[in-house]
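Biologist: I have a chain open on my screen and would like to talk through how its helices sit against each other. Could you take me through it?

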Amino acid sequence: MAVALRCFRHLPSLLYRSSFPRLRGLPQAPAACPALLLDGCRPSVHQRLLTRQLATKKAKGKGQSQTRVNISAALVEDIINLEETNEDMQAAVEALKEDFSRNLSVRTSPGVLDHIIVMTKDGKFPLNQLGQISQKSPQLIIVNMTNFPESTAAAMKAIRESGMNLNPEVDGTIIRVPIPKVTREHRESLAKLAKQSTNKSKEALRKVRSKSINQVKKFKNKVSEDTIWLLEKQIQQMADSAAAEMDKLLAAKTKELLG
């Protein structure tokens, strides 16, 4: 019994020595830096560990999909401002929402013309700052340009080129804007405009993504390839997320317009 107890006391140390060769090759974190992403500490060893960990793959369903990257913005702030990149991408999404709300609706009101931008010799102005807009009937909006008669032609052009499928008529300083009836053809025309607006917003999104990736590539000789790869993947994920949100907005607006 005593012999058995003596052997048992030595068992933990034996297990430790047997496992040591497998652990010996791993880099060790400094004791003062337990949480890299939380306290902003950036030792190179931990950065390599983080890089390798995020670069792994895992199975999802029947296929293989790369693990989503979620790099701390503070970790790479000397390379790129990820928060600013995300804000620029979300700005493109918000611009699409606003365009849908203002310009693509089967319901009409004087307010739909308010924010049409008119190019004049003195600069750009919203239509509602140049003319008095009122609704004469459900199918007719009137724009009175008496206060700025010299801008009547420019206002006519802005309304016609607004992308709202409007064909204004002028009578002196009065612009009459017939509102198309809500026919199936009109609904389909609005749905096409919604698709065009979405494509323009996605193009703006791609420009933000390309600009950000080019910014990251400027540091390819200063940081590791893994870091560049992770940042590019992070930016692509942000762009994909914004594009998916645009697709949802388009689907909802198309459903609304087609009825």
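Modeller: Let me begin with a convention: an angle under 35 degrees counts as roughly parallel, while one over 145 counts as roughly antiparallel. Please keep in mind that this is a predicted model.

Biologist: Fine, so at what angle do α4 and α8 pack?

Modeller: Their axes lie 10 Å apart and the packing angle is about 10°, and α4 and α8 are therefore roughly parallel to each other.

Biologist: Which residues make that contact?

Modeller: On the α4 side they include Leu82, Met89, Val93, Leu96 and Phe100, and on the α8 side they include Leu231, Ile235, Met238, Leu249 and Lys253. Sorted by class, the contact of α4 with α8 has 14 nonpolar, four polar and three charged residues.

Biologist: You listed a lysine there; is Lys253 buried or exposed?

Modeller: Lysine 253, which belongs to helix α8 (residues 225–258), counts as buried because its relative accessibility is 9%, and the cut-off for buried is under 20%.

Biologist: What lies 3.0 Å from a polar atom of its side chain?

Modeller: That is the backbone oxygen of leucine 104. Leaving aside residues up to four places away in sequence, lysine 253 touches Phe100, Leu104 and Ala194.

Biologist: Ala194 takes me to α7, so how do α4 and α7 pack?

Modeller: Helix α4 (residues 82–103) and helix α7 (residues 184–217) pack at an angle of about 170°, again with axes 10 Å apart, which means that α4 is roughly antiparallel to α7. By class, that contact has seven nonpolar, five polar and three charged residues. Among the residues that meet are Thr85, Met89, Leu96 and Phe100 in α4, with Ala194, Ser201, Leu205 and Arg209 among those in α7.

Biologist: Changing topic, where does UniProt place a coiled-coil region?

Modeller: The UniProt record, an unreviewed entry, puts that feature at residues 72–99. In the model this span is 64% helix and 0% strand, and its end C-alpha atoms lie 33 Å apart.

Biologist: And for the whole chain, how many helices and strands are there?

Modeller: The protein chain has eight helices and eight strands, and of its 259 residues, 31% are buried.

Biologist: One last thing, what share of the contacts comes from residues 24 or more positions apart?

Modeller: Taking the contacts in the chain with a separation of 6 or more, residues 24 or more positions apart account for 60% of them.

Notes:
Residues are numbered from 1 along each chain as its sequence is written. This is a predicted model: local features need pLDDT of at least 70, side-chain atom pairs count only at pLDDT 80 or more; totals for chains, interfaces and linings use all residues. Side-chain values use heavy atoms; hydrogens and water are left out. Helices (H or I, at least four residues) and strands (E, at least two) are DSSP runs, numbered from the N terminus. Buried means under 20% relative accessible area, exposed over 50%, partly exposed in between (1.4 Å probe, protein chains only). A polar contact is a pair of N or O atoms within 3.5 Å; within protein, one must be able to donate a hydrogen and the other to accept it, and residues adjacent in sequence count only if both atoms are side-chain atoms. Contact means heavy atoms within 4.5 Å. UniProt positions are given in the numbering used here, feature names are shortened, and annotations may be inferred rather than shown by experiment. Axes are lines fitted to C-alpha atoms, for helices over the stretch in contact, and angles run from 0 to 180 degrees between N-to-C directions. Angles under 35 degrees count as roughly parallel, over 145 as roughly antiparallel, 65 to 115 as roughly perpendicular and the rest as oblique. Ala, Val, Leu, Ile, Met, Phe, Trp, Tyr, Cys and Pro count as nonpolar, Asp, Glu, Lys and Arg as charged, and the others, Gly among them, as polar.
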